[in-house]
Amino acid sequence: MPVTVLLVDDEPLVRAGLRAVLDSQPDIEVVGEAADGASVIPLVRQLRPDVVAMDVRMPLLDGIEATRAVLRTVDSPPKILVVTTFENDEYVYQALRAGADGFLLKRSRPSEIVHAVRLVAEGETLLFPAAVRALAAEYGNRQAREVLERAALTEREEAVLRLMARGLTNVEIASELIIGTETVKSHVSAILAKLGARDRTQAVITAYESGFVSPA
């Protein structure tokens, strides 16, 4: 079955460009489009896409609020890929904090766009650029530190979380630590449970905001 995608952007040319790139792939299918975040929930319920490629800045309902709304009201919500013009945009970080699974720059090459959709659909976080990591560090707070302390991660889990924060996939983490991929998946599941994180992105945000990892 192909990965199904809903495109949400107020610029028709951006939607057309993304559709052309994604529909050219045999394993990806664009199933719908929307010009504003306000249209996302009914379309998600109707089309049941695997991934929503969501512009972060839109006139009626921006990508941050649309992300929150989808995750709050839709059963088995899709993965959300934030599409943005500027990588150091605070809106991007707020969208990730709201529950988005990753981000994509509008100027990305076609191969990068395809890779991002596939990666998000598989449930593995995207690499945060240095600018977004720096924003995460700026949001350092006591609550995140307390969450990490209560989690009492094992030494191996801490190592896995550090590599997750660098944006490595499960296969890459397994290679780095010289362990099996299934073992990595077990560690990731344990980390998410201990941190009370919905997904890898939320766990990585906690890692940066707590100071457990630095943006350097």
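**Figure 1. The buried residues of helix H5 in the predicted model.** Let's begin with H5, where Ile113, Val114, Ala116, Val117, Leu119 and Val120 are buried. These buried residues pack against a wide cast of elements: strands S1, S2, S3, S4 and S5, together with helix H1. Helix H5 itself covers residues 110-121, 12 residues in total. From its first C-alpha to its last it reaches 17 Å, close to the 16 Å expected at 1.5 Å a residue. Look just past the end of H5 and you will find Gly123, which takes a positive phi of about 90 degrees.

**Figure 2. The open sheet of five strands.** Reading across the sheet, the strand order is S2-S1-S3-S4-S5, and the pairing is parallel. At the edges stand S2 (28-34) and S5 (102-105); each has a single partner strand, so one side of each is left without a neighbour in the sheet. Neighbouring strands are turned against each other by 25 degrees on average, direction ignored.

**Figure 3. Strands S1 and S3 side by side, with helix H1 packed on the sheet.** Here S1 (residues 3-8) and S3 (residues 51-55) run parallel and are joined by four bridges. Within this pair, Val8 stands opposite Met54 in S3. Helix H1 (residues 12-23) packs on the sheet, where it touches S1 and S2. The direction of H1 makes about 165 degrees with that of S2.

**Figure 4. Helix H3 across S3 and S4.** Residues 63-73 form H3, which lies across S3 and strand S4 (79-84). Relative to S3, helix H3 runs at about 155 degrees.

**Figure 5. Two nonpolar cores.** The largest nonpolar core has 55 residues. Which of its residues touch the most other members? They are Val8, Met54, Leu161, Met164, Ile173 and Leu195. Val8 and Met54 may look familiar, as they are the residues that stand opposite each other in the sheet. A second, separate core has 19 residues, including Val14, Val21, Ala53 and Val83. In soluble globular proteins, nonpolar side chains tend to be buried together.

**Figure 6. Stepping back to the whole chain.** The protein chain has 11 helices and five strands. With 216 residues, a compact globule would have a radius of gyration near 17 Å, and the chain agrees with its value of 17 Å. The C-alpha trace spans about 50 × 35 × 30 Å along its principal axes. Buried residues make up 53% of the 216 residues. Among contacts between residues at least 6 apart in sequence, 68% join residues at least 24 apart.

Technical notes:
Residues numbered from 1 in each chain as written. Predicted model: local features only at pLDDT ≥ 70, side-chain atom pairs only at ≥ 80, totals over all residues. Heavy atoms only, no water. Pairing = 2+ DSSP bridges. Helix = DSSP H or I, 4+ residues; strand = E, 2+ residues; numbered from the N terminus. Axes fitted to C-alpha atoms, helices over the stretch in contact; angles between N-to-C directions. Contact = heavy atoms within 4.5 Å. Expected span 1.5 Å × (residues − 1). Buried < 20%, exposed > 50% of the residue type's maximum accessible area, 1.4 Å probe, protein only. Core = buried A, V, L, I, M, F, W, Y, C linked by side-chain atoms within 4.5 Å. Rg over C-alpha atoms; globule rule 2.2 N^0.38 Å.
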